[in-house]
Structure formats: C-alpha cells, structure tokens
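This report describes how strands and helices are arranged in two chains of a structure. Please keep the sequence and the coordinates at hand while reading.

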Protein chains: 2
Amino acid sequence: MTIDRTKLSYASSGVDEPREQAALGRVLHHLRATYNNRTGLGRPRLESGGFANVLDLGAGMGLAITTDGVGTKILLSRTPSEWESVAVDCIANNVNDLLCIGAEPIALVDYIALDVIDQDLLEALARGLRVGADLAHISVPGGEIAQVGDMLAREEGHAVFDLIGSAVGLVATDDSRTDLPSILTGESISPGDVILGLPSSGLHSNGFSLARKALSGTARLNLDEPHDRLAGRTLRAALLEPTTIYVDAVLPLLRKRGLIHGVANISGGGLLSLGRLSDTLSFEIVSLPQIPELFRIIQEAGDLSNEDMYATFNMGVGMVIVCSANSAQEISAHLVGLGVTPVQLGSVVQDNVAPGSIRLNPARLLGVGEVFRSM
Amino acid sequence: MTIDRTKLSYASSGVDEPREQAALGRVLHHLRATYNNRTGLGRPRLESGGFANVLDLGAGMGLAITTDGVGTKILLSRTPSEWESVAVDCIANNVNDLLCIGAEPIALVDYIALDVIDQDLLEALARGLRVGADLAHISVPGGEIAQVGDMLAREEGHAVFDLIGSAVGLVATDDSRTDLPSILTGESISPGDVILGLPSSGLHSNGFSLARKALSGTARLNLDEPHDRLAGRTLRAALLEPTTIYVDAVLPLLRKRGLIHGVANISGGGLLSLGRLSDTLSFEIVSLPQIPELFRIIQEAGDLSNEDMYATFNMGVGMVIVCSANSAQEISAHLVGLGVTPVQLGSVVQDNVAPGSIRLNPARLLGVGEVFRSM
C-alpha cells in the first residue's frame, strides 16, 4: 500500500508528514494481517509498499500484482486523442511498476468511473488501452464501466471521469522457471553498483496537481497556445504526452539472469522512488540529465523550489536500472540499440551517516525519508 | 468489460440503450484485439463481458481476474464503522464475481481515491478490507492511496472518496489440477437444470443511485431514525449492510467436480444477471422469495415500477447456483448446514421464442436483453 503524494507539494499542501506516516502504518498493519489467510497457493512474498507484490503460484512461478490510476492528469484531457493518451498512461503506470519486481506483464483490467455513457470518451479510452497494451505486450481481458456521476467532480457542468488499472505479471521465484524473468527483491544491490537513468517522455503521470496549480497561478499560462520553448507544441500537448512504457527496453534485460540488480519506476516522489530499492544502502547521483524545458516552465510559472521540483517530478528520468559496474556497458548498449539512451546517474554507496538516503549532488539536495533538503 | 448500470433506472435516467450497446461494442472490439498480444502464458480464455476472465498460466492452471468498485453506496457512509462496512463490499463484489467462473479467490488490490489523508477513514477502510479478506480467505497484498481531490465530488464541503478493488483467483483449466476448482464456462448448463437462489443481505452494492433518489424524493425519509418496518434499525444501517461474501458457501461446492453447472452473482441488473450464463437457454423463475421490507420501502418511497425494481435490485437473491436436478438436494443440504437457506427459484428451459430470456412468473415479468417488461 503506497500513498501517491505526487499530486501535492509537501511545502504547499499543508500535508502533515508524521500524521500520514502514522495513518499508513495503521493501514499496513491491517493489510499485513491478511497475509495469513494464504499459506500455500496465493501467499504474498513481499511486503506491501513496494512497486508491486508477488503471490506464490507454485512450481517456481509467482504472480506480480499492482494497481494504479492516472490521477489528475486526466483533468487536462478534453478531446478523443487526449483521452486516448491518458489511457496509455493507465497501462504504463501499472506495467512499469511490474517491471520493478522483475515481472513480465501479462494483463490489465481497467475501471472507468463516469457520469453518463459517452461513446466518444469510451471508444477513445479503449483505443488508448489497446495502444498501451500492444506496446506492453499484454491483454486487457476485462474491465468495468461504472456510472457514478454523483461521486465525480464537475467542471463547466460536466462530470470528470476517472480511469484506474490493475495489472498482473509473471515472475520466476526460483531457478526452475527459466522461461520467466527472476524476481527482483533488491537483495543483490551492492555498494559500487551503477545507477542508470532512462529518459522520461515528460511528466509521465505525476505531479499534475502541482503543475496545474503552478500553470494556472499568477503566471496564468495559456495551455493551448504553441509555446516557443516547446518547439511550437502547446503546453497541454507536452503535459499530456503519454508515459513511456518501458517493457521493450527493460524486459529483455530482466530475462538475463542476474544482469539487473534493481529497477525503480520514477513516479510519485521523483528520484526519491530510489529509496524503495533498499532500506540500508544509499544512492549518490553525480550526474543528472539536462532538465527538460517543460519542467523549467512549470518551475518558473509556480516559483517552485528545487526541493519541491525534485520531490514531485521525474525531472527527465522516468525509469532507473541498478546493475554491477561490469554489466553497465552491456545494458547501455542494449538500450542504445533500442533508441533509449541512458544516463549514468551515479552509484550505490554505503552511507552510515544517512542510510537509505538519495544524494543529488548536482542539485545539492539530500533526500531522506520522503523529502529533499538542501545539502 | 461490463457496464454497471444498476446505479440508474432505465426508465428514469434517460439512458439510451442502443447507444450504450453501440459504445460497449466499440470498446469490446478494441479490447478483444489485445488478446492477440498473448499467445502462451497469459492468454485470455474467455470473452470480455462475463463476471471475470481467465488467463492461461500453463500446467492446467488459470488466473481468474476481475475488477469492481463499491459505487454510490459509499455516499451513504459517514462514520468509521460505515466506512469499514463499504470496504467489506469492495472485497465481496470482486470475490463473488470470481466464484462465477469457478475460481478460488486468492488476493485483492485496492485503490482509494481521496482528497486529504484522513487517518480515521483510512484505518476504517483497512479494517473493512481485512474483515472482508478474512471472510474470503484472501490477502490484500498491495494497494494505492491517491490524493485526487480535484476529481471527486464534494458534499457539505468535504470531498467524497472512492474505493475500487481488483481481485485474482485460481482455477483448473483441465482435469490435471485436482487441487483447484474447475473453470465454469456455462457449457454444462442444460434444460431441466435447477436454479437455486441464495439470500442477499440487503441491496448489496447495487441500485444505490436509484435508492438514494427514491428515499430523498417526495417521501423524504429520514435515514437515521429507527424504522418500524426494519425491526428498529435505521434505513442507513439497512442500506449499508455489507454485501454477503459467498466464498464459504460456494467454494466447497465448486471443488466437487461437475456438481455445479453455473454461478451468477446477482449484482447490476438484478436477476437479469442470469443472462450472462447462457446466450441460448432461458431461465424460468416460478418461485421468488418474499421481498425483504427494505426493497418495499424503497419502491413505495420512489413509486417505482416492478420492472425497474427487478431490473435494478437483487430483491432478496444475492447469488444463484445452477445445477442438475439430481444435485440440487446435495447442494441445498450443504448450504443449509452453513445456515444459508437457498430458495429453489425455477429451472433452465429451452425457449425458442425468446432465447436467453429470464421469466419471473410470480412478478409477471419477462426479461430480454437488459430490461424487464410485463408479460
């Protein structure tokens, strides 16, 4: 169970961090107790709170399972092609989380909450789910369309919609299943391991509440005018760029036993997501990719601090791979061959003073827990 | 992919039936195309639109998967014990659907959409998920808490929340897996089969938009006063009674090879849900249980037709089992032993005039497609 807080800035939202942690702790306590309901088939192997969990299926096979929505990015979508785009996000957010525990995604079921049946909306969402499913090599074997208009906010007289997905994948839990990639628990991550960053396509699906607030604030930027800093694209188009689906980039690497030590989907919390990979080791980033213009425009419009920007947005890095220094070359070559140029961000370190921390040296930020502070 | 229309009455909502069917057809067309993305592991075995789908896991095992929310029933919940109750519904709606394709439920992931982190709300929902998971013998291995207040309706200044679940189960797809119940495809349902109805605990999670409208209309019933026709319970308490979880009642029967021919979760559409069991056979109901007082109160308050009532509410029957006439006695004895007294509703018939129809003889209603009409 995770709280996706990327929709808010800690500094600006008044979120009471310790209170939230206490709430999450109570939730996890109850959900952890349900693990005892399964002793054989279906037993959960991981703690709740990671990118996904894995259920025992017997015979060395595990079922990876996760759930995620698209969030307030949906509020920016107003045309069929934009609805199609956010449906791709629904697939991406879920399958990218499955990759983080080493699984091969196989399917996603979707839940659409809406007011009245709108044929154009539904067909656009279905088209987007299909596009995403094709990119992720999964099926969408079912779903639910729920007419729950009374539960949805209204904008200009129309109810908004919501789109949530839950995805499953398969993973080998021991060496007997050579047809599946092996489960990634983070145990093989070691000091000296290299941290590779894969480029994001934009904001992905995170930080939209903050971005919308920043852009509609005093700056009042028009989302629908071509923007000279975005090569003539509109802000809306740049913001709605679908989240990259990393299956083709990462799955072939996962299939090679032991090549990858860890994978982190950079979603809620930006590079703080690295913290999910280890409780004891730290991550030292010595090089960051150039910050894409879209993030700069948001930061300037909202007069946002670097602390908030890096704790909310992916800032150009959508997915991280951790591997041994010896494997970095092979992995980079594979990625470059697919047109995905990774950035060598830094390395895993043993930091006894701040275990589990994320240092962003170029930005002079230290991430501990769920916030970045100036170093 | 199914449309849950129980939140609306066809007669009163202005829903344009053929237009909806066209929309759903286009959606299913796109989602059906994604099946080709999986040829071996993960291949869907059933058409979208049933209670759940089944994905091939190899070695005679299938993964059942479904998704469902709680819907507008949530809008009636205002206290921790009421929030706990709707979380039980989230488990029930999903696992009851898995039973319909013969699967043993193993896990559910939950998605909570809310505005601000409310510790009391989250802990109550987690408690309810635990209660439901214990009753269903499943784990809740993960979930998501999404702070998406801008997408949620507001009531009296507070944003509502939403709760959606996705559940998985295991099923034998051939005779080699004797440790799992066999997949139910409806193929073994035959004319002469007996239809057994299991009692519901109330409205379950369906028809709440119509019920709320009826109760808040001209009749303006106070939901929080003890009601003499509800044995002194309040209407709110009766409405929020959690959906029955039928795992203990039905799963042992599913484990006996061939004993059960079909299972239908009576949710959206009331007994019209039987239509999902067969495209060609019909269902003749000759006996209906006494209509519980709660449904009568709603019908009177909203001056609703029998057609709308039976097409929206379960009217006292929460789950249906179809079996051979020879097996009905054994199944009834098992259920009575668990304190669940089934009603023998009627039988499966070959009706060449109205194939796929549902006749409710005691109510003089004929169900064809997705509506009931007077006979």
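Two strands are taken to pair if DSSP finds at least two bridges between them. In this predicted model, strand E11 (residues 282–285) of chain B and strand E14 (residues 358–360) of chain B satisfy that condition, since they are joined in the parallel sense by three bridges. Within this pairing, Phe283(B) has Ile358(B) of E14(B) as its bridge partner.

Both strands belong to an open sheet of eight strands in chain B, whose order is E10-E12-E9-E13-E11-E14-E15-E16 and whose pairing is mixed. Because strand E10 (260–265) and strand E16 (371–374) of chain B stand at the edges with a single partner strand each, one side of each is left without a neighbour in the sheet. From one strand to the next, the twist averages 25°.

Two helices of chain B are placed against this sheet, and their directions are set out below.

| Helix | Strands | Angle |
|---|---|---|
| H7 (residues 247–254) of chain B | lies across E9, E10 and E12 of chain B | about 155° to E10(B) |
| H10 (residues 328–337) of chain B | touches E9, E10 and E12 of chain B | about 10° with E9(B) |

Turning to chain A, strand E9 (residues 194–199) is mostly covered, with five of its six residues buried. E9(A) runs antiparallel to strand E12 (residues 317–323) of chain A, to which six bridges join it, and Val194(A) has Cys323(A) as its bridge partner in E12(A). E9(A) also pairs in the antiparallel sense with strand E13 (residues 343–349) of chain A over four bridges, where Leu196(A) stands opposite Gln344(A).

Note on methods
Residues are numbered from 1 along each chain as its sequence is written. Chains are lettered from A and ligands numbered from 1 in the order in which they are written. This is a predicted model: local features need pLDDT of at least 70, side-chain atom pairs count only at pLDDT 80 or more; totals for chains, interfaces and linings use all residues. Side-chain values use heavy atoms; hydrogens and water are left out. Helices (H or I, at least four residues) and strands (E, at least two) are DSSP runs, numbered from the N terminus. Axes are lines fitted to C-alpha atoms, for helices over the stretch in contact, and angles run from 0 to 180 degrees between N-to-C directions. Contact means heavy atoms within 4.5 Å. Buried means under 20% relative accessible area, exposed over 50%, partly exposed in between (1.4 Å probe, protein chains only).
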